[in-house]
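Open the model in your viewer and keep the selection tool at hand. Each stop below gives a selection and then what is there.

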Amino acid sequence: MKKQTKLGLYSAVLSVIVIAAAILINMIASALPSRFTKLETDGLDLYEISKETKDIIKDIDTDIDIYLVAAEGYEDAMLVEFIQRYVQQSKHISYKLLDPGTTPSLKTASDTEHALSEMGNNTVIVSSSLRDKTITESEIFTSDYTEEEVMMYQMYGQQVTNNNYFNGEQMLTSALDYVTLDMISTVYYTVDHGEDEFGSIMSRYVSLENYKTEELSLILEPSIPENASAVVINSPKMDMTEDELALYKDYIDNGGKIILFSDYTNKFESFENFAQLTEYYGMKALEGRVIENDGSMKQGDEFLYPAVNQSHPITSVLASVGTSNPVLLRNPVSGFVFTEDRPDNVVLEKLISTSEEAQTAGTEDAEGNFEIYYEGEVILGAVATLENGGSLAWYSSSELLNESYVELFPGGALTALMTLQEFTHKDTTVSLAAKLRNISALTVDENAKGFWSTVLTTIIPSGIVILGLFVWYLRRRR
């Protein structure tokens, strides 16, 4: 009887210890950050924050408030979880959910008034003492439709299967960058020479990097604004005037920055004043189109894969693109060479170029023959830098900004962005890839369904019962 009492007491104490341990483990687990307790099993890394974002957050030394505006019960769970990941990265970031029904307005640390009652659900406000940034739900959750899908829906009412993107990291990190920048850089783009626009993708990247953009017309206002961090001239269709040439040279000589994109189809080499500008800083346009004779640096005669100078700050980032050909250019393109006839205070650095086996040539005649103008390496992108910091970057193809294949070959657009970043002394890059939000449902075929149903409902429970009876039998024999 005494032995049975001891065993009973031992079992009771052991039960209390096990229950206490379970409660303690639960308490510890609930206190852990969600990045340790909520693991992703979909392989999409929707909640994972990139190294670039973590580096930006690590350098934040001012308090930032993140507000999620949503009626109670209408907040997006994934967005809430994602914001909390940011909060867990820094003691300077706080988060609060605001219901516009009970909090119709908000005055932030920057002394800005927000009418929350006029905002849609899942609007995010990122605020610091400097400024605020508001992000709408449609900017965070976006959809992408092909032209064929849109046409089939409009004509036949066929259901569109779209890709849903979660742009949370792009938008939130861009907002953090915006509210902590000491100064917002203004980039001017010229409009007097029939220039091309950036295109939607490049414009989005420039916006995410928090550059303010303004038009520049030296015809209307013959001076470059003092607040210009850089001037972009994108694929001019006509020459600049002599007065403009003098203004641009004076601007660069006094520390200004110009980024020039030219094109073969516009016969840029025939623009006398543009030629004077580039030649003054040691870069001379070559006549004709580029012919690449190194088979590893081209795809047929239609595309070029130029060599990239990965030791320069502007193009060194292309090593992280994850492909041996980060830059793609569609032929025909033109190019240029360096000259010795330039001021002593100008340093020339090559960024992208052809192989030594390249040539430039005229157009083919009816018999397929063409005249060769130049043989050797052709430079497609370079930067001239003065001792005082004035710079002229020249890319001889605006195909770098071609949005039709920028997602497959992002090196071109990234080169343009990094040129802006280098020229404006911006030390963060926040143009991060959007993440697919589509999560395929886990499906099991009928055969597998029957097998696992038998295993889970019959075999495993029966095994546990048999094991229990076996243990009971052994104890009875003692």
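Helices and strands here are DSSP runs, numbered from the N terminus; a strand needs at least two residues. Keep in mind that this is a predicted model.

**Stop 1: a cis bond.** Select proline 332. It lies in the loop between strand 18 (329-330) and strand 19 (336-338). Now look at the peptide bond that leads from asparagine 331 to proline 332. That bond is cis, and its omega is near 0°. Most peptide bonds are trans.

**Stop 2: two positive phi angles.** Most residues other than glycine have a negative phi. Select asparagine 122, in the loop between strand 4 (113-115) and strand 5 (123-127). It is not a glycine, yet its phi is positive, about 65°. Is asparagine 122 buried or exposed? It counts as buried, because its relative accessibility is 4% and the cut-off for buried is under 20%.

Next, select histidine 425. Its loop runs between helix 11 (411-424) and strand 25 (435-436). Histidine 425 also has a positive phi, about 60°, without being a glycine. At 65% relative accessibility, histidine 425 counts as exposed.

**Stop 3: an open sheet.** Select strands 2, 1, 5 and 6. In that order they form an open sheet of four strands, with mixed pairing. Which strands are at the edges? They are strand 2 (93-98) and strand 6 (132-135), and each pairs on one side only. From one strand to the next, the twist averages 15°.

Stay with strand 1 (residues 64-69) and strand 2. They run parallel, joined by six bridges. Pick aspartate 65 to see one pairing: its bridge partner in strand 2 is serine 94. As you look along a strand, recall that in a regular strand the side chains alternate between the two faces of the sheet.

**Stop 4: a β-α-β unit.** Select strand 9, helix 8 (residues 200-208) and strand 10. Together they make a right-handed β-α-β unit. Strand 9 (residues 186-190) and strand 10 (residues 212-216) run parallel, and five bridges join them. Try valine 187: its bridge partner is threonine 213, in strand 10.

**Stop 5: a nonpolar patch.** Select Leu467, Phe470, Val471, Tyr473 and Leu474. These residues make a nonpolar surface patch of about 480 Å². Where does leucine 467 sit? Its place is in helix 12 (residues 446-477). Leucine 467 counts as exposed, because its relative accessibility is 55% and the cut-off for exposed is over 50%.

Conventions
Residues are numbered from 1 along each chain as its sequence is written. This is a predicted model: local features need pLDDT of at least 70, side-chain atom pairs count only at pLDDT 80 or more; totals for chains, interfaces and linings use all residues. Side-chain values use heavy atoms; hydrogens and water are left out. Patches are made of residues with over 30% relative accessible area and no salt bridge: like charges are joined within 9 Å, nonpolar side chains (Val, Leu, Ile, Met, Phe, Trp, Tyr) within 5 Å. Accessible areas come from the Shrake-Rupley method with a 1.4 Å probe; for residues, only the protein chains shown count as cover. A salt bridge is a side-chain nitrogen of Lys or Arg within 4 Å of a carboxyl oxygen of Asp or Glu. Buried means under 20% relative accessible area, exposed over 50%, partly exposed in between (1.4 Å probe, protein chains only). Two strands pair if DSSP finds at least two bridges between them. A crossover is right-handed if, with the strands pointing away from the viewer, the path from the first strand over the helix to the second runs clockwise. Axes are lines fitted to C-alpha atoms, for helices over the stretch in contact, and angles run from 0 to 180 degrees between N-to-C directions.
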